[in-house]
Protein chains: 4
Amino acid sequence: MQRARTDDAKDERRQALLSAALEVFVEKSFAAARMDDIARAASLSKGTVYLYFSSKEDLFEAVLRNVALPKVEHIENLMRDAPSVGEALDGIGLFVPHLIRETALPRIIKLLISESGMFPEIVQSYREDVLDRLLGGVTGLLARAKAAGEIEVGDPALAARLVAAPIAFSALWSVVFETVPEARVDIDALMAMHVTHLKRALGVIEEVSA
Amino acid sequence: MQRARTDDAKDERRQALLSAALEVFVEKSFAAARMDDIARAASLSKGTVYLYFSSKEDLFEAVLRNVALPKVEHIENLMRDAPSVGEALDGIGLFVPHLIRETALPRIIKLLISESGMFPEIVQSYREDVLDRLLGGVTGLLARAKAAGEIEVGDPALAARLVAAPIAFSALWSVVFETVPEARVDIDALMAMHVTHLKRALGVIEEVSA
Amino acid sequence: MQRARTDDAKDERRQALLSAALEVFVEKSFAAARMDDIARAASLSKGTVYLYFSSKEDLFEAVLRNVALPKVEHIENLMRDAPSVGEALDGIGLFVPHLIRETALPRIIKLLISESGMFPEIVQSYREDVLDRLLGGVTGLLARAKAAGEIEVGDPALAARLVAAPIAFSALWSVVFETVPEARVDIDALMAMHVTHLKRALGVIEEVSA
Amino acid sequence: MQRARTDDAKDERRQALLSAALEVFVEKSFAAARMDDIARAASLSKGTVYLYFSSKEDLFEAVLRNVALPKVEHIENLMRDAPSVGEALDGIGLFVPHLIRETALPRIIKLLISESGMFPEIVQSYREDVLDRLLGGVTGLLARAKAAGEIEVGDPALAARLVAAPIAFSALWSVVFETVPEARVDIDALMAMHVTHLKRALGVIEEVSA
DNA sequence: CATGAATGAGTCTTCATTCAT
DNA sequence: GATGAATGAAGACTCATTCAT
C-alpha cells in the first residue's frame, strides 16, 4: 500500500478501515472478528490498523461513533417540520426502503443488538443518543398531531414504537436472513402497507393530492 | 457437585447446562462465551460440560434445538383454530407479554441475530422451521379472514410481518436495552395498542361481547 | 464386572490389566495411552485400574517388571549348558521364531525403545537386568568356544551383538511393520539363514548328526 | 529473536524448527512432546512455530519428510555401482559408523518405531519409500553377485536383512542406550566384524589389494 | 470391590498487539 | 508510514485421578 502523507489521504484510510471494520464486526461479532480480517478487507496489513486505532475496542467504538449519527438530526428535522402526519408517514414510507437497502443502518442495528451484552455502556449511550431521539421525533410528531385533533391515538411514545417496529424488523431481516434468496422480502410493498395501516389505525384523513 | 447417576439426573444436568449456556451465549455471543463461564453458571466445572456436549459448537446447536420449538405447533394451532381474526389478535395481545417476559423467546431471537453471520445454516434452518411457520400461521389466518370478507388487507404474507414486527421489536428491546431501568417499556400497553391498531387497520368489526 | 474376592481372582485381574496395558502402551506410547483405553481393553472400568495400580506410571513400571523377565534365566541357562556352539545356535534358530511370534518380547523391545527418552532409568535398568545378561550369556558361550578352539572370532562381546541383532531386528520389524501383509517376512527362513551364516562366519564345524 | 524477513531466513528458521522438533520428538515421543519444548529448543516462542507449521502433526510429518530421504538414492547408487560385493561391504563398514554417529538416521529409526502405532500410514510409507528401497539395493547387489557366482547365498532378500540388521541394531542402541557411558559400543569395531563375518558367510574371496 | 461422574491441571492453538525492518 | 514476523496471554479440550454411590 502507498503511504498516506496528506491528512486527506489519512482520513480516507481511516474511513476505509471503519467501513471494513463495520462489515467484519457485523458478519462475525466483535469477539470473532480478527484484526487481520479487517485489515485485509481494507486492503491493509495488520500492523497498519494500529497506526489509526489503538486497539480492537477503540476501533469498535469508532465504528459506532462514526456511522449513521449525522442522519439523526436530519430525521428529527423531518419529523419536526412535517406539515402533517400523513405527509410525514408518506415520507417514512418512501425513505425507509432506501435506508434499509443503501445505508449502514441495518448493520448498525444488528451490531448493537449483538454487542449489547459485551458493551452495555456503548449500547445504552447509542440508545440515548440515537434511538431515543428518533423515537422522540416521532413521538413529538404524533403528540402534536394528537393535540391538533389530527389523529386519534393513545400514548404517542408507545405509538412511536409501533411506527418504528416494522422498520427495525425489516432492517434486521435484511441483514440476518436475506443472504439467502428465498428469504427476500419486498420492502417497498411492506413499507407501503405499513404506512397504509398506520394511517387507518391513527385515523389520518387522506387529503386528495391535487 | 453431586453426581448424576441416574438418567433422570443426567437429563436434569443437561437441561441446566443448556439453560446456562443460553444465558451466557446471549450475554456474550458465541465467540466471547467461555466454556468455563457456562460451566460455572451451571455450578459445574469446565470438564463436566464435555461429558454432556462434545464441543462448544455442539452445545450451541443443542441450545437452539432445545428451546422454543415446542411452542411453534402450539401457536400454529392457535392461529388455525381461532374463531375470528379479532379473537386471534386478542389472544396474541394477551399472550405476547407473557412470551416476552417469561420465556426464552427474546433471548433466542437475539442469539439468532447475533450468530447469523457465524452459523448461517443453523440460522436459516431456524428461520424455515420456526419463523416461516409462525409467519405462515398468521398469513393463513389473515388469508382465510380476507377470503371470508372479514378483513380488508393486501398481501396477507406482508401483513403477517406487520403483525409480528412489534412483537419481535419488543422482545429484542427487552433483552437488549432493558438491563437499565430507564429503558423499560410497558409491554402490556404496547401490545394492547398494537392489537387496537391492527384491528383498525384491517377493518375488524369488534363484536360486542355479551 | 464381578468382584474379585479371592487373592487368585485379584491376581488374575492384575495380570489382565498388565497385559492390556502392555498392548495399549505399545500401540500408542505411554503418553498417548489413556487409562480408559487400558481399562476397557481389560474389560474393566477406569476407576478399577486404580485399585490395582496407584498411577499410570506405576502401571507402566509394573508392565516392564512383570513380563519376559522369567525367560532371561532360562536363556542364560541354555547358553551355559549348551554342549556346543553349533547346538546353541541351532537352538536359537529354532527358538527365536517362537519368541517373536508368540511372546511379548517384540512388544517389550518396542516399548523400551519408545520410552527410553521418558523413562531413562527404567530403560537402563532393563538393559542391565535383561539385555546385558542375555548378551552376556551369548558372550560367555562364544568366549568358552573360542578358548576351546571351537570357533574363530574376535571380541566375543561384539560377536554376541551380531548374534542378537537379527533377532532384535526381526522382533521389531514384526511389531512395527507387519500390521500390513506386504511387509511380512518369513522369520523361520530368516533365522535359519542367520544361523547358517553365523556358523560359517565363526567357522563352526558341522557335526554329522548320527 | 531476530525477524526472518527474507525467504532464505525463513527457510533457515524452518530448518531450525525441524531439527529441534526431531530432537524433541525423539526424546519424548510425539504425544509427550510439547510444542513449547520444540519452540524453546529452536529459541523461538510457542506462537512462532505456527507461522511455519499449521499443527503439531504437520510439523511431525514435515520432520519425517525432510530428513534422510536424500541419502536413499545415494546408497542405492552405491549398491548398484559397486564393482564387487566385497568392496560394497567394505564401503558399508566404513560408511555406517559415520551414518550412526553423525546423521539423523538413528533418531529417525527410533521415531519411526515409536510412532508406528500412532501414525501407521506415515510409517508404512516410510518403509516403502526408504527401507524397502535400501533393502532392495542390497538385495539387487547380492542377487547380481550370486548370479555371477561371486557369492554363495540363499534368498538375497533375506540376506539383505541380515546385512541391515546390525546396522539398525547399532543405530538404535546408540540412541536408546548410549546416553549412559557404560552402554557405549565401539561401532567401528562392530561394523568391521560384521563385514568380516558377512564375507565369510557369503564366501567372498578377498582380492589382494595391490 | 467396582463404577463412572466430576474435577482441574496441562497442552494445543489462536490472535491482539508489538516492533524490527 | 507500512509491513508482517514474533510474542504470549487466553481459551477449547483432554485425560489422569478422585470419590460418591
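Of the atoms of DNA strand F that come within 4 Å of the protein, 66% are sugar or phosphate atoms, and bases supply the rest. The model is a predicted one, and DNA strand F is a convenient place to enter it. The strand is surrounded by 43 residues. The closest of these are Arg3(A), Lys10(A), Arg13(A), Arg3(D) and Arg13(D).

Individual contacts show both parts of the strand in use. On the base side, an N or O atom in the side chain of Lys46(B) is 2.5 Å from a base nitrogen of DNA strand F. Lys46(C) also reaches a base with its side chain, where an N or O atom is 3.0 Å from a base oxygen of DNA strand F. On the backbone side, the side chain of Tyr50(C) places an N or O atom 2.8 Å from a phosphate oxygen of DNA strand F. In terms of secondary structure, the surface near DNA strand F takes at least two residues from each of H1 and H3 of chain A, H3 of chain B, H3 of chain C, and helix H1 (7-28) and H3 of chain D.

DNA strand E can be followed in a similar way. Around DNA strand E there are 43 residues, with Arg3(B), Arg13(B), Lys10(C), Arg13(C) and Arg3(D) the closest. For DNA strand E, sugar and phosphate make up 68% of the atoms within 4 Å of the protein. Backbone atoms of the protein take part here. A backbone N or O atom of Lys56(A) is 2.8 Å from a phosphate oxygen of DNA strand E. Lys56(D) has a backbone N or O atom 2.9 Å from a phosphate oxygen of this strand, and for Ala33(D) the corresponding distance from a backbone N or O atom is 2.9 Å. The elements giving two or more residues to the surface near DNA strand E are helix H3 (46-52) of chain A, helices H1 (7-28) and H3 (46-52) of chain B, helices H1 (7-28) and H3 (46-52) of chain C, and helix H3 (46-52) of chain D.

Chain A can now be taken by itself. Its secondary structure consists of ten helices and zero strands, so written from the N terminus the order of elements is α-α-α-α-α-α-α-α-α-α. Along the principal axes, the C-alpha atoms of chain A fill a box of roughly 60 × 40 × 35 Å.

The surface of chain A also carries a patch of negative charge, formed by Asp7(A), Asp8(A), Asp11(A) and Glu12(A). One of these residues, Asp11(A), lies in helix H1 (residues 7-28) of chain A.

How values were computed:
Residues are numbered from 1 along each chain as its sequence is written. Chains are lettered from A and ligands numbered from 1 in the order in which they are written. This is a predicted model: local features need pLDDT of at least 70, side-chain atom pairs count only at pLDDT 80 or more; totals for chains, interfaces and linings use all residues. Side-chain values use heavy atoms; hydrogens and water are left out. Patches are made of residues with over 30% relative accessible area and no salt bridge: like charges are joined within 9 Å, nonpolar side chains (Val, Leu, Ile, Met, Phe, Trp, Tyr) within 5 Å. Accessible areas come from the Shrake-Rupley method with a 1.4 Å probe; for residues, only the protein chains shown count as cover. A salt bridge is a side-chain nitrogen of Lys or Arg within 4 Å of a carboxyl oxygen of Asp or Glu. Lys and Arg count as positive and Asp and Glu as negative; His and the chain ends are not counted. The place of a charge is taken as NZ of Lys, CZ of Arg, CG of Asp or CD of Glu. Helices (H or I, at least four residues) and strands (E, at least two) are DSSP runs, numbered from the N terminus. A residue is near a molecule or strand if one of its heavy atoms lies within 4 Å of it. A polar contact is a pair of N or O atoms within 3.5 Å; within protein, one must be able to donate a hydrogen and the other to accept it, and residues adjacent in sequence count only if both atoms are side-chain atoms.
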